[in-house]
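I opened the file to look up confidence, fold, helix packing and aromatic pairs. My entries follow in the order I made them.

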Amino acid sequence: MNAKQLALADRATSWWNSTRLWSRLRYFWRQVLRLRATPHEVALGFAIGVFTACTPFLGVQTILACALALVLRVSMPAALLGTFVGNPLSWPAIWTASYVSGALLLGQDPTYAANHLGETANVLGATLMTPSLQTFDAAIDNLLPIAEPMVVGGLLVGLIAAIFSYYPTRRAVRVFQRHRSVS
């Protein structure tokens with residue numbers, strides 16, 4: 001490898017460095033604390049972002065967080081920062097908790113997805129390789145038994161995560177704003 005390739009590889013793997021990861025997390029947390037709004041508006045905005053990050057709607061979580069923040073008149077930047085809870089490191093835990101809790105709430109067998117994962121992956125692969133109405137219908141038929149528990153469970157997991165993120169965020173923002181006004 002030449003020097004440019006080594007530098008690129010080093011930059012790609014440095015994101016996973018735990019020191020750098022904690023540094024980025026602290027940076028995002030400080031951004032939440034510095035927002036200029038009431039502690040309630042910031043905390044509720046952040047909680048909305050956390051809630052939407054726990055939903056299985058990849059690609060529209062940010063839009064959903066912004067729409068909810070707009071409707072509830074809370075801090076939109078805090079909602080956007082809250083969506084960072086959903087990331088490639090946390091998705092496996094969020095999706096597992098969402099699916100299992102949703103399946104249990106709906107009275108379904110939580111092992112269905114594990115038992116049919118290979119079949120579902122093959123059908124999705126066929127749909128991507130040769131898109132047609134038949135393969136698309138087969139993909140929908142295979143995904144529906146998994147998607148319904150994911151949505152129901154995602155709403156439950158998101159609500160719980162939002163509640164647990166609201167109070168510490170509100171308290172931290174209140175303390176930070178008091179400290180800033182004294183200084």
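**Confidence and overall make-up**

I began with confidence by element: helix H1 (residues 3-14) has the lowest mean pLDDT of the elements in the protein chain, 58, and helix H3 (residues 39-53) has the highest, 95. The model is predicted, and I kept that in mind for every entry below. For the protein chain I noted a mean pLDDT of 85, with 89% of the residues at 70 or more.

Next I looked up the secondary structure. The protein chain has 9 helices and 0 strands, and along the sequence the pattern reads α-α-α-α-α-α-α-α-α. I then checked burial and found that 31% of the 183 residues of the protein chain count as buried. I also looked at contacts in the protein chain with a separation of 6 or more: 69% of them are between residues 24 or more positions apart.

**H6 against H9**

I turned to the packing of H6 on helix H9 (residues 133-182). Their axes lie 6 Å apart and the angle is about 105°. That angle falls in the 65 to 115 range, so I entered H6 and H9 as roughly perpendicular to each other.

Which residues meet in this contact? From H6 I listed Trp95, Ala97, Ser98, Tyr99, Ser101, Gly102, Ala103 and Leu105. On the H9 side they meet Pro145, Ile146, Pro149, Met150, Val152, Gly153, Gly154, Leu156 and Val157. I sorted the residues of the contact of H6 with H9 by type and got 12 nonpolar, 5 polar and no charged.

**Aromatic pairs**

How many aromatic pairs does the structure hold? I found 2 aromatic pairs. In one of them, Trp91 and Trp95 are stacked, at 5.5 Å centre to centre with 5° between the planes. Both Trp91 and Trp95 belong to helix H6 (residues 91-105), where they sit 4 residues apart, about one turn of the helix. Tyr166 and Tyr167 form an aromatic pair that is edge-to-face, with 4.9 Å centre to centre and 85° between the planes.

I then looked up accessibility for these rings. Trp95, which also takes part in the contact with H9, has a relative accessible area of 30% and is therefore partly exposed. Are Tyr166 and Tyr167 buried or exposed? Tyr166 counts as buried because its relative accessibility is 10%, under the 20% cut-off. Tyr167 has a relative accessible area of 49%, so I put it down as partly exposed.

**Single residues**

I picked Phe51, which is in helix H3. Leaving out residues up to four places away in sequence, Phe51 touches Leu68, Leu155, Gly158, Leu159 and Ala162. I also looked up Phe51 and Leu64: they are 13 residues apart in sequence, and their C-alpha atoms are 9.8 Å apart in space.

Thr135 is in helix H9. With a relative accessible area of 16%, Thr135 is buried. Apart from residues up to four places away in sequence, Thr135 touches Val123, Ala126, Thr127 and Thr130.

My last entry is Gly125, in helix H8 (residues 117-129). Gly125 has a relative accessible area of 29% and so is partly exposed. I looked up its separation from Ala139, 14 residues away along the chain, and noted 9.1 Å between the C-alpha atoms.

Key:
Residues are numbered from 1 along each chain as its sequence is written. This is a predicted model: local features need pLDDT of at least 70, side-chain atom pairs count only at pLDDT 80 or more; totals for chains, interfaces and linings use all residues. Side-chain values use heavy atoms; hydrogens and water are left out. Rings of Phe, Tyr and Trp (its six-membered ring) pair if their centres lie within 6.5 Å; planes under 30 degrees apart count as stacked, over 60 as edge-to-face and the rest as tilted. Helices (H or I, at least four residues) and strands (E, at least two) are DSSP runs, numbered from the N terminus. Buried means under 20% relative accessible area, exposed over 50%, partly exposed in between (1.4 Å probe, protein chains only). Axes are lines fitted to C-alpha atoms, for helices over the stretch in contact, and angles run from 0 to 180 degrees between N-to-C directions. Angles under 35 degrees count as roughly parallel, over 145 as roughly antiparallel, 65 to 115 as roughly perpendicular and the rest as oblique. Contact means heavy atoms within 4.5 Å. Ala, Val, Leu, Ile, Met, Phe, Trp, Tyr, Cys and Pro count as nonpolar, Asp, Glu, Lys and Arg as charged, and the others, Gly among them, as polar. pLDDT is the predictor's confidence in each residue, from 0 to 100.
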